[in-house]
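Visitor: Could you walk me through some local features of this model?
Guide: Certainly; let us begin with one helix and then turn to individual residues.

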Amino acid sequence: MGLTDLKKELKKLDKDKLIDLVADLYKKNKSVKEFFDFYLNPNERELFEKYRDKVFEAFYPKRGYNYKLKDGKQAISDFKKLVPSSDLLADLMLFYVETGVKFTNDFGDIDEGFYSSMETTYVAALTLMKKENLLNKFADRAGKVVSDTSGIGWGFHDYLGDVHSDFFAYYSDDTDEKSVQQEKVKIIKLGGQ
């Protein structure tokens, strides 16, 4: 059944039947419950913290020792479906990478699939940040991710460094340009004294 067919069928229902159907969905489907809870009480920060905890637990589970990248990626996907602000979505994506890097530094080299997941998410996070003009806000954290990978193998550090340079090249150029301008001002002031 397509969405058009579904809408036709729902329009046939009276208000009470429709309310009962939505209430039944709310009780039986966890994602529907979460969607309506957020729709009726949109507390983004609280929701973000919940999904941030899920991402963290994907790497550092409360029980056992097995990390589950799939769970971390699923948390990001589920959070995205609730249409949060771009700022918080980018934050959660970067947190996933930060936590993966911390995990590697805590336990040693993992495998290519692990690093591939981190790389993909890092690129997606920076792409979103660039699109939404958030690169400056996350510049320090994005740079720290790269510096925290300096001892990690599989070409992970080099790849993240290249990606970071691609996205933040203007940022460095602006900083260098500002430094040059400040030096010129100092020289002019010294010359005028």
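**Helix H8 and selected residues**

Guide: Within H8, the buried residues (under 20% relative accessible area, 1.4 Å probe, protein chains only) include Leu-135, Phe-138, Ala-139, Ala-142, Val-145 and Val-146. This is a predicted model, in which local features need pLDDT of at least 70 and side-chain atom pairs count only at pLDDT 80 or more, while totals for chains, interfaces and linings use all residues. Residues are numbered from 1 along each chain as its sequence is written, and side-chain values use heavy atoms, with hydrogens and water left out.

Visitor: Where does H8 bend?
Guide: The bend is at Arg-141 and amounts to about 30°, taken as the angle between axes fitted to the seven residues ending there and the seven starting there.

Visitor: What does Asp-91 contact, leaving aside neighbours within four places in sequence?
Guide: Asp-91 is in contact (heavy atoms within 4.5 Å) with Phe-48, Arg-52, Phe-138 and Arg-141. Asp-91 is found in helix H6, residues 86-107; helices are DSSP runs (H or I, at least four residues) numbered from the N terminus.

Visitor: Is Asp-91 buried or exposed?
Guide: Asp-91 counts as buried because its relative accessibility is 12%.

Visitor: Turning to Phe-59, which helix holds it?
Guide: Phe-59 is found in H4, residues 44-59, and counts as buried, at 1% relative accessibility.

Visitor: Which residues does Phe-59 contact?
Guide: Leaving aside neighbours within four places in sequence, its contacts include Tyr-67, Leu-69, Tyr-96, Phe-103 and Met-118.

How values were computed. Helices (H or I, at least four residues) and strands (E, at least two) are DSSP runs, numbered from the N terminus. Buried means under 20% relative accessible area, exposed over 50%, partly exposed in between (1.4 Å probe, protein chains only).
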